[in-house]
Structures are given as structure tokens and as C-alpha cells.
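Work through the exercises below with the sequence and the coordinates at hand, and try each task before reading its solution.

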Amino acid sequence: MSTVTSTESKDLAPVSTETLTALLVTKERPPRPSSLSTSLTFGWRAMLKIKHVPEQLFDVTAFPIMNLLMFTYLFGGALAGSPDDYIQFVLPGILVMSVVMITMYTGVSVNIDIEKGVFDRFRSLPIWRPSAMVGYLLGDALRYTIASVVMLAMGLLLGYRADGGFVGVVAGIALLLVFSFAFSWIWTMFGLMLRTEKSVMSVSMMVIFPLTFLSNVFVDPRTMPGWLQAFVNNSPVTHLASAVRGLMAGDWPADEIAWTLGWSGLFVVVFGPVTMRLYNRK
């Protein structure tokens with residue numbers, strides 16, 4: 001029988017390996033982490049990436065400001081008579097467009113981690129499987145919030161006034177975050193399907209650009225041809241922009257809010273299971 005003897009104290013009696021094994025087997029193991037705790041842990045991991053690579057905040061700060069200034073002063077006079085009048089209409093729309101466009105970086109981050117082999121380690125852990133994906137989306141929610149705050153701050157400097165006050169603004173941003181969280185599941189699917197991050201960005205832009213520009217973000221759809229109105233009026237981005245615009249203006253656009261929440265639920269129900277199926281097979 002083999003024994004284990006302490007080399008630091010002669011007062012300790014030798015212990016057999018069978019006894020040590022029995023102690024390790026019978027000792028109570030720590031409880032398995034909950035799905036919430038693991039999702040928050042992965043969300044914190046995504047936030048630490050922002051801390052160590054702050055340059056990735058460029059797309060949620062400089063890009064939205066550039067869009068707001070460009071569209072307000074280039075097209076404001078032609079579309080609404082003056083930039084001051086146009087910004088009351090266009091700021092919520094550009095806010096929606098900017099946040100929706102940066103959702104694609106969720107898929108890019110997933111693809112990069114897959115290429116580095118990080119997901120092989122995640123799959124071997126005794127945790128709730130979707131927590132890694134949910135963590136990405138929770139971390140990106142911080143980026144969406146930063147983009148919203150930056151846009152509103154710049155809008156206030158340019159003359160935008162939200163008649164809905166603080167409550168209306170918070171409600172509009174909350175609805176935007178819910179939609180963006182659900183919409184990001186599409187890009188996690190692409191991040192798992194495509195082989196390179198450039199492919200993920202290319203495919204994402206091909207989807208996002210038509211979806212955001214063919215909406216009521218910049219102009220009222222009533223000025224468009226009838227066949228185009230049919231598409232624009234039923235676009236999820238149009239419903240979202242109308243809902244956010246109404247909430248910030250002090251209204252309660254119940255139909256648009258319902259449509260936005262419905263689209264959000266549809267994205268999660270359809271693309272969530274597909275993403276997890278790809279994740280388990282990757």
C-alpha cells in the first residue's frame with residue numbers, strides 16, 4: 001500500500017492514497033453555476049474586451065456623430081426646410097440606424113473567437129450552453145447604450161428636443177436595446193456559418209444597408225412609389241424607428257411598439273435555435 005507523507009512536519013501521520021481518494025470522492029462538489037451567472041460572466045468578458053481595446057468604441061461614437069451631422073446639414077434644408085426642423089425627425093431614425101448597424105459586430109466577435117479556438121474551451125465547460133452567446137449579446141448591449149447616449153448628447157447640442165422628456169427617451173432606448181439584442185442573433189448565426197470575419201462583415205452589410213435605408217429613418221414613406229411603400233411600411237426597422245420616434249416625442253405608438261416586440265420575438269425564436277444548433281456542431 002502506497003502512502004503520502006508530509007515533508008514539512010514529522011508530527012503528521014502518513015495517509016494512504018486510498019484514504020485520500022475516498023475523501024475526494026465523498027467530498028461535496030460545488031454547485032453548478034446557474035445560466036444567469038454564466039451569461040453575466042461571459043457578458044463581463046465582452047466588456048473587458050472594450051476596456052483592453054477601447055478603439056472598438058469608434059463605431060459607436062464617431063460613426064453615429066458623423067452620420068447625424070452629415071444628414072442633418074446636407075439634406076435638412078432640402079427635406080424639411082431647415083436643419084433645425086429636420087433634426088427633430090431624423091435624430092431618432094439615425095439613432096436606430098446606427099445601433100442596428102453595429103449589431104453585426106457580434107457575429108464578427110464570435111467568428112474571431114472560433115478562429116482562435118476559444119470556443120473549444122467553452123464547450124468543454126459544465127455550463128449552460130447558450131451562455132457564451134448570450135454573454136456576447138449582453139456585452140454588446142453596453143455598446144448600444146453608449147451609442148445612444150452619444151447620439152442624444154450631440155442631438156441636444158444641435159437643437160433636438162424630446163417632448164417625451166426623460167421617461168420617453170429611456171423608453172425609446174430600452175425598446176431599441178430589446179430589438180438590437182434580438183436582431184443580433186442573426187449575426188451570431190452568420191459568425192458560426194462563415195469562415196472569416198471579412199465574410200461575416202460583407203454578408204451583414206448586404207443585409208443591413210438595404211434594410212436601414214429602405215425605411216422611414218430619413219423620410220416619410222408617403223413620398224415613395226406605391227410598390228416601395230409596401231415594403232418600407234412593413235419593414236422591422238420602420239416599425240422600430242416609428243416606435244422610438246413616437247416615444248421620444250411624448251406619444252404612445254402602441255401598434256408600432258407591438259410590431260417591434262413581435263419582430264424581436266420572431267428573431268429570437270427563429271435564429272436562436274439555429275445559432276445553438278450550429279454552435280453545438282461547430
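## Exercise 1: an aromatic pair within a helix

Phe71 and Phe75 lie 4 residues apart in helix α3 (residues 58-80), so about one helical turn separates them; helices here are DSSP runs of H or I with at least four residues, numbered from the N terminus. The model is a predicted one, in which local features need pLDDT of at least 70 and side-chain atom pairs count only at pLDDT 80 or more, while totals for chains, interfaces and linings use all residues. Residues are numbered from 1 along each chain as its sequence is written, and side-chain values use heavy atoms, with hydrogens and water left out.

Task: determine which geometry the pair of Phe71 and Phe75 has.

Solution. Rings of Phe, Tyr and Trp (its six-membered ring) pair if their centres lie within 6.5 Å, and the planes count as stacked under 30 degrees, as edge-to-face over 60 and as tilted for the rest. The structure holds 11 aromatic pairs; in that of Phe71 and Phe75 the centres are 5.6 Å apart with 40° between the planes, which makes the pair tilted. As for accessibility (buried under 20% relative accessible area, exposed over 50%, partly exposed in between, with a 1.4 Å probe and protein chains only), Phe71 is buried at 11%, whereas Phe75 is partly exposed at 37%.

## Exercise 2: the buried side of α2

Task: establish where around the axis of α2 its buried residues lie.

Solution. Begin with the buried residues of α2, which are Thr38, Ser39, Phe42, Gly43, Ala46 and Ile50. They cover an arc of only 145° around the axis and therefore lie on the same side of α2, the arc being taken from the directions from the helix axis to the C-beta atoms. Next, the face turned away from this buried side carries the exposed residues Leu40, Thr41, Trp44, Lys51 and His52. Finally, the buried residues pack against α6 (118-124) and α7 (131-158), where contact means heavy atoms within 4.5 Å.

## Exercise 3: salt bridges

Task: find which residue forms a salt bridge with Asp113, and which helices the pair links.

Solution. A salt bridge requires a side-chain nitrogen of Lys or Arg within 4 Å of a carboxyl oxygen of Asp or Glu. The partner of Asp113 is Arg45, with the closest N and O atoms 3.1 Å apart. The pair links distant parts of the chain, since Asp113 is in helix α5 (residues 104-116) and Arg45 in helix α2, 68 residues apart. Asp113 is buried at 3% relative accessibility, while Arg45 is partly exposed at 24%.

Methods
Helices (H or I, at least four residues) and strands (E, at least two) are DSSP runs, numbered from the N terminus.
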